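Welcome! Here is a short guided look at a protein model, set out topic by topic. Keep the structure open beside you as you read.

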Amino acid sequence: MLLIRPEVIEGESLASFTHRLAKANVYPSGSNLAKILRCDASRISRNDFDDKMIEKLSQISGCAAEKLKAMSAEVFQSLLGETFYQQMIQRRRVKYCPACITEGVHRHCRIWLLYPLTVCTEHMVLLIDKCDACGAYISMHNYMKGKCSRCGHSYLASPYKRIEPESIVYLSQKDLTDRISGRKESLIFPEFSLQQYMSLAYHSFYLLDGMNSFIHDKPIPIRGFLRNKNGQQSVENATTAFANVHWMYSNFPTHYYQVLLAFFRHKYRTKYEKKAFYENVFSDRAFLPIQEAYDTYWLEQWHEGKIRSDFSVFKSNQALLTKRVFLSREEIKDKFGYGKVEKLADSNMIQTKILKQGSRKRYFVEKNSLEKAVQRRGQFFTRIQAASLLGIGRDAVPSILQAGLLHEHKTPFSEDTLLVKNEVAELMKRCRGRKGEKTDDDLSFHQALIKFSVNGLTIVKLIMFIMEGRLSPRTSSPEEKLSDLFFNEQQLWECVSDLRREKQHSDGYYMKDVMLLLHVGESTMNRLMVEGIFVPERILLLRDGRKQYLFNMSYIDRFLSEHVKIDQASKEFQVSEVTIRRRIKEGNLQDAMRGIGKKYWLSRAEIRKIVLCHNASPAA
C-alpha cells in the first residue's frame, strides 16, 4: 500500500485518479506505477483497466475495487451497449472544461470520456480537446501535467467559450447529460434510454451527414461519421452533429420533415443507400412514433406527385401503400379504363385531383371514393353474368327484360346497360325450388322448354308460372339456378293447356286443333288444305325444319257455327238421317268438304230452307 493515498473526487475518471496517485507518491512517470499494476502505461492513459489492474490498484490505494471500477470507462458499457460503447468512448485523446480545472483539485471527469458530450452543463462552457496555442490534441498524460508537451502552453490559461442556456447546443448537451445520469427530463422522447437515443442519433447521421447545419446562420457541414484527417473525432463535429439530431426531433414532426425534405433534395451519390441504412432504426419498435411520421411524410410526397409508388420506402413496406389517400390513374387502369375514370369523375362517383409537373399532368383518384365506386360497380351485372347466375343462355335475357322481370340501367361503368345484381338474385330467390330428388314423372328445366316449346312455353312463361304458384319446382343442387330446377310433368301439361288456349285467341288454331274440331285425320286435313277449303293464315317454320300451320280462328269458328254434321243436323232440325242423306244424293244439300273424307258437313241455312219447304208442302 502506498504511503500517500489521495481521496477520490466525485465524478473523476480512473485514469485521472491513477495519475494523481502516482504524482502524490512522487513517481517520476506513469510507467513506474504501471509496473506495479503489471500493465503498459498507455493503458492507464486510455482508461483501459481490467479487473486485475483494478484489484491491484485497490490494494495500493486503499480504495474499494467496486468504487474504482465505477470510475472506469467500463461503467458506460451497460448504458451504451457494446456497439456504441466502442464508438462513443474516447481513448487516446481527452477533452476538459477550462472552468472546472480552475476550481479545486486538477482532475479529469469520467463523463468527458464520451465523444458526444462536448459541453460542461454546470458551467455552460464548451469543452476543449486541443491546445489553444498550437492546436495539438491533448493526451491524458499532458492534461494531468497541466500543459502542452509541444509548446508548453498551460491549459489553465485557455479561454472559455460560453454556451447560451437557450441554445440548441446547450439543450442537446443537457439532454445527453440527463440521459447519462438516468434522469427523465428530456424534452424529446424522454422514454428513450441512452442506448436507444444513441442508436437514433447514429442512424440519423445517415440523413444529416454532409448537409449544412440546421441550427447555424452560416453554412457549417454536419459531420456525423467523418473524423478529421488525423483520424480523431473533434468537439466541433460532435457538437454540431448531436445538436442537429436534437433539433431534428424537437418540435416533432415539423423539424423532422424539414430534414427529410432537405435530404430528398440533396444530391447524394448514395442517397438511397443512406436512406435504407436510416430505416434500419425502425427494427426497434420503440421508434414506432418516428416511423409513423416517416411513413406519413413519404405518403404526402406521393400525394403531391413527387415520388412514385415504386419508391424504395413502399417496396420495403408494402402495407404503407394501403394508407394512401389517393391512387394514381395508372394504378387503377385494370379496374377502370382511363375513359371510365373521367366518366366516373364527371358523375361525381369518384374524386380526382390533377397535379402539374411542368408541362406534364398527373391524375390521382381519391381512394375512398374509388372503393365506393368499386363496390357500386359490384352491384351490377352484365347480361352474360346474369345469364350465368340464372343458368340460362344469354339470348334469353332480353325476353326476361322485356317482360319486366329484370331491368337494365345506364351507368358510367360501361357503355352497355347493366342489370342490378340484387334484382337478379331476388328473381332467383322467387323461383327457388324445394329440395328433393328428380323422379320419372319430372322434367328438368331444359327438358320442359324443349318438349313444350311448340306450345308456346318459354323461359319467361315458365318463370311466371313459378311465381304465380302454378308450378312447384324442386332441385337437388345447392347452386339454385333455373337450370337446376325440375317440374312435375302433369303440372306442366296443365300450364301448357292454358297456354294453348291463350295462344289460340291471340294467334289462331293450330292444324291439330282444327283436326279435332272437324273430326278428321291428318291426310284428310292435308287434302282440305290442298283443295283450298281450309287455307292456313300463317305457316311457322320450326328450328327442326318442321312446319306449323295456323288457321284464322274467326273463319274456323264461323264455319263450325254455319255447318253441322248429319247426326247433329238430325237432332237439331228433327229430320231423319235418311231424309238428309237422300237430299244429299238428290243434290239438294251440298257437302262443304266436297266429298273429302268420310264426314259430311252441311250448311245449316240449306237444311233450314229444305225443312221449311218440306213443312209447307200439302204432302207434308
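F380 has V420 as its bridge partner in β8, and that pairing is a good place to begin. Keep in mind that this is a predicted model. From this pair of residues we will move through the sheets, then to the cores, a buried helix, two residues in contact and the largest pocket.

**The sheet around F380**

- Strand β6 pairs with strand β8 (residues 418-420) in the antiparallel sense, and two bridges hold this pairing.
- Both strands belong to an open sheet of three strands, in the order β6-β8-β7, with antiparallel pairing.
- Which strands stand at the edges? They are β6 (380-381) and β7 (408-409), and each has a single partner strand, so one side of each is left without a neighbour in the sheet.

**A second open sheet**

- Another place to look is an open sheet of three strands with the order β13-β15-β14, where the pairing is again antiparallel.
- Here β13 (509-510) and β14 are the edge strands, each pairing on one side only.
- Strand β14 (residues 538-541) and strand β15 (residues 547-551) run antiparallel and are joined by four bridges.
- You can find two of the matched positions yourself: I539 has Y549 as its bridge partner in β15, while L540 stands opposite Q548 in β15.
- β14 and β15 form a hairpin with five residues between the strands, and in it G545 takes a positive phi near 95°.

**Strand β12 and its partners**

- Strand β10 (residues 442-444) pairs with strand β12 (residues 485-488) in the antiparallel sense, over three bridges.
- Strand β11 (residues 474-475) also pairs with β12 in the antiparallel sense, over two bridges.
- F486 in β12 is a handy landmark: S444 stands opposite F486, and R474 stands opposite F486 as well.

**The nonpolar cores**

- How many residues make up the largest nonpolar core? It has 54 residues, and those with the most contacts inside it are L80, Y249, Y256, Y278 and I290.
- The elements giving two or more residues to this core are α6 (75-88), α8 (168-181), α9 (194-208), α10 (235-249), α11 (254-265) and α13 (288-303).
- Of these, α9 supplies the largest share, nine residues.
- Apart from this core lies another one, of 36 residues, with A396, F465, L482 and V496 among them.
- To explore the largest core from one residue, try Y249: leaving out residues up to four places away in sequence, Y249 touches I188, F189, L200, S204, Y256, Y278 and I290.

**A buried helix**

- Is helix α1 (residues 14-24) largely enclosed or largely open? Nine of its 11 residues are buried, so α1 is largely enclosed by the rest of the structure.
- The buried residues in α1 are L14, A15, S16, F17, T18, H19, R20, L21 and A22.
- Just after α1 comes V26, which takes a positive phi of about 55°.

**S603 and H563**

- S603 is found in strand β17 (residues 601-603), and H563 has its place in strand β16 (residues 563-565).
- Why does S603 count as buried? Its relative accessible area is 16%, and buried means under 20%.
- H563 counts as buried too, at 13% relative accessibility.
- Leaving aside neighbours within four places in sequence, S603 is in contact with E562 and H563.
- With the same kind of neighbours left aside, H563 is in contact with A592, W601, L602, S603 and R604.
- A polar atom of the S603 side chain lies 3.3 Å from the backbone nitrogen of A605.

**The largest pocket**

- The largest pocket has a volume of about 770 Å³.
- It is lined by 23 residues, and the closest to its centre are L449, S453, L457, T458 and R543.
- Two elements, α20 (445-452) and α21 (459-467), give two or more residues to this lining.
- Which element gives the largest share of the lining? That is α20, with three residues.

Notes: Residues are numbered from 1 along each chain as its sequence is written. This is a predicted model: local features need pLDDT of at least 70, side-chain atom pairs count only at pLDDT 80 or more; totals for chains, interfaces and linings use all residues. Side-chain values use heavy atoms; hydrogens and water are left out. A nonpolar core is a set of buried Ala, Val, Leu, Ile, Met, Phe, Trp, Tyr and Cys residues joined through side-chain atoms within 4.5 Å. Buried means under 20% relative accessible area, exposed over 50%, partly exposed in between (1.4 Å probe, protein chains only). Contact means heavy atoms within 4.5 Å. A polar contact is a pair of N or O atoms within 3.5 Å; within protein, one must be able to donate a hydrogen and the other to accept it, and residues adjacent in sequence count only if both atoms are side-chain atoms. Two strands pair if DSSP finds at least two bridges between them. On a 1 Å grid over the protein atoms alone, a cavity is a set of points where a 1.4 Å probe fits but cannot get out, and a pocket is an open set with protein on both sides within 12 Å along at least five of seven lines; lining residues have an atom within 4 Å of a point. Grid points are joined across faces, edges and corners, and a volume is the space filled by probe spheres set on the points.
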